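Welcome, and thank you for taking a look at this protein. Please open the sequence and the 3D view side by side, and keep both at hand as you read.

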Amino acid sequence: MPRVLALMAHPDDIEITCAGTLLLLKDAGWDVHLATMTAGDLGSSTLSAAAIARVRRKEAAASAALLGAGYTCLGIEDLTIAHTERQKRIVTGLLRAVRPDVLITHPPVDYMADHEQTSYLARDAAFGSTIPNWKALPPVGTRARRAAPPCAALPSLLYADPIDLATPDGTRAAAHVVVDISAVLERKAAMLAAHASQRAWLHEQHGEDEYLHWMRRVGAERARAFGKRSVTHAEGFVPYRGHAFPKDDVLTSALGRRLVKTLP
Ligand SMILES: [Zn+2]
């Protein structure tokens, strides 16, 4: 069974950016695993870091359960994700444990360093995952005392959309592949809604359900790339084409041309 791993910085990043595509892959028979670098310990103005982290680990696991996916939190603290030797060995440990065919992460340019550093960590840890002399740390959240053996092949690497589809100068980020998620939008919304603490926080600030409105608005904007009325919501990706990584069009192969459009 082919397997996809989504690794992002914080609980709810996956749900905002790529959960629709993960739902479609799951429905197509893929095994899906979710992982976040942190437990979102800065995500509250009232609870302590330890208390909100406990809440958010449960929310992320509940969201993953809706997808039928496993969930791993790598235990790094918010605002401390960095492209360090230790964090790279931790991420390689995750990759060797999950052994994905496809890895989805943040794009290298996003609205904050936690996302950008996760992107670099994911790419380099994937690169190291096949190299016998690169030592990984044992997988976090398991009893294993050693990392699993090196992976046989590099995964296809996909960068999801940046938050708000925004580039640093405020123009729309480019996507090279867009996926029609109209059919699974409500299931994506249910996964995002599982992050109840964050939904409530935004609701308090905006006086309305901004958390879900925001996700739907971004999806509707991305859907315009299809130019079809039947496609109401979409997610965008940029496949990583760098040296040594697979270059096949993995999303079209998995989901078909009806759901996936490749852009110039
Ligand atoms: Zn985030």
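The paragraphs below visit a metal site, then two helix pairs, and then a single residue.

Before starting, please keep in mind that this is a predicted model.

**The zinc site**

Which residues hold the zinc ion? Its protein donors are H10, through ND1, D13, whose OD atoms are listed twice, and H115, through NE2. These donors lie 2.1 to 2.4 Å from the zinc ion. If you follow the chain, the donors show the spacing H-x2-D-x101-H.

What kind of arrangement do the four donor atoms make? The angles they subtend around the zinc ion run from 56 to 136°, so the arrangement is irregular. For tetrahedral geometry, every angle would have to lie between 85 and 135 degrees. As a general yardstick, the ideal angle for four tetrahedral donors is 109.5 degrees.

Are the donor residues H10 and D13 buried or exposed? H10 has a relative accessible area of 10%, so it counts as buried. D13 is buried too, with a relative accessibility of 4%.

**Two helix pairs**

Two packed helices can be described by the angle between their axes and the distance between the axes. Here are the values for two pairs in this model.

| Helix pair | Axes come within | Crossing angle |
|---|---|---|
| α4 (residues 85-98) and α5 (residues 113-129) | 8 Å | roughly 60° |
| α7 (residues 196-206) and α8 (residues 210-223) | 7 Å | roughly 95° |

With a crossing of roughly 60°, α4 is oblique to α5. The crossing of this pair is right-handed. On the α4 side, the residues that meet α5 are Q87, K88, V91, T92, L95 and R96. Their partners in α5 are L121, A122, D124, A125, A126, G128 and S129.

Because the axes of α7 and α8 cross at roughly 95°, these two helices are roughly perpendicular to each other. Here α7 contributes Q198, R199, L202 and H206 to the contact, while α8 contributes E210, Y211 and L212.

**A closer look at Q87**

Q87 has already appeared among the α4 residues that meet α5, and its place is in helix α4. Is Q87 buried or exposed? Its relative accessible area is 6%, so Q87 is buried.

Which residues does Q87 touch, leaving aside its neighbours within four places in sequence? They are M37, I76, T80, I81, A82 and L121. R222, by contrast, is 135 residues from Q87 in sequence, and their C-alpha atoms are 32 Å apart in space.

Terms used. Residues are numbered from 1 along each chain as its sequence is written. This is a predicted model: local features need pLDDT of at least 70, side-chain atom pairs count only at pLDDT 80 or more; totals for chains, interfaces and linings use all residues. Side-chain values use heavy atoms; hydrogens and water are left out. Donors are N, O and S atoms within 2.8 Å of the metal (3.2 Å for Na, K and Ca); water is not among the atoms, so sites may look incomplete. Four donors count as tetrahedral if all angles lie between 85 and 135 degrees; four count as square planar and six as octahedral if opposite donors are over 155 degrees apart and all others between 65 and 115; anything else is irregular. Buried means under 20% relative accessible area, exposed over 50%, partly exposed in between (1.4 Å probe, protein chains only). Axes are lines fitted to C-alpha atoms, for helices over the stretch in contact, and angles run from 0 to 180 degrees between N-to-C directions. Helices (H or I, at least four residues) and strands (E, at least two) are DSSP runs, numbered from the N terminus. Angles under 35 degrees count as roughly parallel, over 145 as roughly antiparallel, 65 to 115 as roughly perpendicular and the rest as oblique. A crossing is left-handed if the near helix is turned anticlockwise from the far one by less than a right angle, and right-handed if clockwise. Contact means heavy atoms within 4.5 Å.
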